[in-house]
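Subject: Structure for your files

Dear colleague,

Here is the structure I said I would pass on. My notes on what was found in it follow below.

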Protein chains: 2
Amino acid sequence: MSNTASNPSTPRAAAPPARARNRRSGSQLSPETIIEASLRIAARGSADAFTVRRLGEELGADPTAVYRHFRDKDDLLLEVADRTLGEVLDSIPEGLGWQDRIRALADGSLAVALKYPAVASAMASRTTRRANEFRVVELILGAVTEAGLTGAEAAVHYRMVGDSLLALVGQRAAYLLFSAEARAADEASWTREYRLVDPVAFPQITAVAEELAQVTQDGVYRARVEALITAIERRAAELAA
Amino acid sequence: MSNTASNPSTPRAAAPPARARNRRSGSQLSPETIIEASLRIAARGSADAFTVRRLGEELGADPTAVYRHFRDKDDLLLEVADRTLGEVLDSIPEGLGWQDRIRALADGSLAVALKYPAVASAMASRTTRRANEFRVVELILGAVTEAGLTGAEAAVHYRMVGDSLLALVGQRAAYLLFSAEARAADEASWTREYRLVDPVAFPQITAVAEELAQVTQDGVYRARVEALITAIERRAAELAA
DNA sequence: ACCTGAACACCGTTCAAGT
DNA sequence: ACCTGAACACCGTTCAAGT
């Protein structure tokens with residue numbers, strides 16, 4: 001499956017080049033059109049989906065035209081990532097208790113990360129410092145405050161939740177970007193290699209080899225999200241005592 | 001600060017090329033010498049420290065010679081990463097209770113990740129499927145079993161701990177690889193931007209802006225590690241009841 | 001059996017030249 | 001004021017040629 005073939009908006013047989021198709025006739029580029037094009041190519045989901053050259057193709061412009069509107073690719077990435085944070089925020093219902101708000105944030109973040117894996121993977125250790133990030137910080141702080149944490153305790157637990165969720169969905173996104181062979185090798189280790197270890201040297205692995213093979217990504221995800229909630233509950237209870 | 005200048009083993013003035021210096025006269029490359037050279041360059045800590053071309057320089061050989069001993073760079077990376085896991089395991093003392101074994105694993109992993117940031121950053125979403133990884137799995141499974149979890153519960157909580165620690169130290173390593181400007185921008189957001197938000201739109205941020213600026217990486221690290229331990233304790237208590 | 005080095009197909013980015 | 005396109009300094013990797 002080639003990249004162009006997997007792009008439904010670029011039929012292979014069409015004679016006129018992609019630039020003629022995508023270019024709004026006579027229109028100029030703008031930060032907005034560039035961000036939208038970035039989201040479209042990032043949503044294609046392959047590891048090399050989000051490159052400056054591919055962005056040029058999508059825009060029907062020379063790749064370097066992007067540098068007239070963004071300082072560099074990182075600047076654009078942060079802007080694009082902040083848009084995806086907007087999608088996450090829009091997916092969170094009103095009226096939930098603090099635990100369910102964190103669960104909804106986690107679920108929404110995962111869905112968006114799997115939709116734009118190249119962006120989520122690149123952002124796993126980053127911060128956008130843009131509008132929607134402030135809204136996410138406000139949301140998490142509201143949750144930990146409602147849980148009963150204040151001041152420095154609220155601050156450090158916000159960071160715990162924020163950094164952990166970023167890492168969690170970033171890992172899932174990165175996994176999606178791996179080649180099929182790499183994913184197969186990874187899965188095979190659980191279903192095959194871990195069942196064949198030396199039982200004397202590795203008694204613990206031997207004892208749960210079957211169960212290790214049956215762990216799902218969703219199960220791990222759930223455990224990691226609940227661990228954050230549990231930790232906040234425990235700390236709030238300690239402080240209340 | 002140029003890359004060559006920051007490499008203490010390659011004095012700039014020396015007339016004979018680096019290859020003459022590092023090459024053991026008449027010796028051939030081997031997987032072992034390549035892995036050791038990889039660890040040396042990864043320990044230099046810059047983002048581009050671990051490239052095939054730089055590895056060639058370090059070995060005093062043509063970069064492509066590496067492909068005679070490893071299928072590709074990823075294959076070498078997994079081998080190198082497994083060596084660093086060995087360093088982590090060697091750092092864990094005997095005779096600790098399960099909580100302290102997890103804390104020691106986390107501390108050791110962080111230290112090694114900060115020593116070889118390019119490796120830790122690349123491994124954040126990976127699995128080595130090699131000897132030392134089995135030992136780490138055995139260690140974590142031993143801890144969660146001692147905590148009182150069995151079967152599927154032990155398996156999923158092992159994955160929770162393993163994936164979380166990998167992500168945590170990977171994030172710290174990636175942060176170390178950022179350019180000085182990127183790190184400065186990141187830190188400035190906490191010490192400056194978060195103190196200037198609109199108090200009406202962002203009451204929670206306003207309330208703890210001071211404390212947010214004072215959160216340290218070590219504080220977040222501690223909270224994230226303790227959250228894992230707390231979650232295991234809680235689950236074990238639920239199952240015992 | 002292993003190493004070399006040219007070459008390929010990529011990256012992000014700069015800059016002089018166009019309009 | 002904005003876009004183009006050649007060019008630069010990188011990547012990982014392949015392959016024919018050397019020894």
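A residue counts as buried under 20% relative accessible area, as exposed over 50%, and as partly exposed in between. D107(B), at 35% relative accessibility, is therefore partly exposed. Please keep in mind that this is a predicted model.

Salt bridges

Over all chains, the structure holds 40 salt bridges. In one of them, the side chains of D107(B) and R222(B) meet with N and O 3.5 Å apart. This pair links distant parts of the chain: D107(B) is in helix 5 (residues 98–115) of chain B and R222(B) in helix 11 (residues 217–240) of chain B, 115 residues apart. R222(B) also counts as partly exposed, at 35% relative accessibility.

In chain A, D107(A) and R222(A) form a salt bridge, with an N to O distance of 3.5 Å. Here too the pair links distant parts of the chain, from helix 5 (residues 98–115) to helix 11 of chain A. D107(A) has a relative accessible area of 34% and is partly exposed; R222(A), with 36%, is partly exposed as well. A network of salt bridges links R40(A), R44(A) and E58(A).

E79(B) and R130(B) make a further salt bridge, their closest N and O atoms being 3.0 Å apart. It joins helix 4 of chain B, where E79(B) lies, to the loop between helix 6 (117–122) and helix 7 (131–147) of chain B, where R130(B) lies, 51 residues apart. E79(B) is partly exposed at 24% relative accessibility, whereas R130(B), with a relative accessible area of 17%, is buried.

A buried aspartate

D82(B) lies in helix 4 (residues 73–90) of chain B. D82(B) is buried but has no salt bridge, and the nearest side chain of opposite charge, R83(B), is 6.2 Å away. What does the side chain of D82(B) have 3.3 Å from one of its polar atoms? The backbone nitrogen of E133(B) lies there. Leaving aside neighbours within four places in sequence, D82(B) is in contact with T128(B), R130(B), A131(B), N132(B) and E133(B).

The DNA strands

DNA strand C is surrounded by 18 residues, the closest being R53(A), T64(A), Y67(A), D62(B) and T64(B). Of the atoms of strand C that come within 4 Å of the protein, sugar and phosphate account for 48%. Phosphate oxygens of strand C lie 2.9 Å from a polar backbone atom of K73(A) and 2.7 Å from a backbone N or O atom of D62(B). A base oxygen of strand C is 2.8 Å from an N or O atom in the side chain of T64(B). Helix 3 (residues 52–59) of chain A gives the most to the surface near strand C, with three residues.

Around DNA strand D there are 18 residues, of which D62(A), T64(A), R53(B), Y67(B) and K73(B) come nearest. The surface near strand D has five nonpolar, five polar and eight charged residues, and helix 3 (residues 52–59) of chain B gives the most to it, with three residues. A phosphate oxygen of strand D is 3.1 Å from a polar backbone atom of V52(B), and one is 3.1 Å from a side-chain N or O atom of R54(B). On the base side, a polar side-chain atom of R68(A) lies 3.5 Å from a base oxygen of strand D.

Regards

How values were computed: Residues numbered from 1 in each chain as written. Chains lettered and ligands numbered in written order. Predicted model: local features only at pLDDT ≥ 70, side-chain atom pairs only at ≥ 80, totals over all residues. Heavy atoms only, no water. Helix = DSSP H or I, 4+ residues; strand = E, 2+ residues; numbered from the N terminus. Buried < 20%, exposed > 50% of the residue type's maximum accessible area, 1.4 Å probe, protein only. Lys, Arg positive; Asp, Glu negative; His and termini not counted. Salt bridge = Lys/Arg side-chain N within 4 Å of Asp/Glu carboxyl O. Polar contact = N/O pair within 3.5 Å; in protein donor to acceptor, adjacent residues only side chain to side chain. Contact = heavy atoms within 4.5 Å. Near = heavy atom within 4 Å. Nonpolar A, V, L, I, M, F, W, Y, C, P; charged D, E, K, R; others polar.
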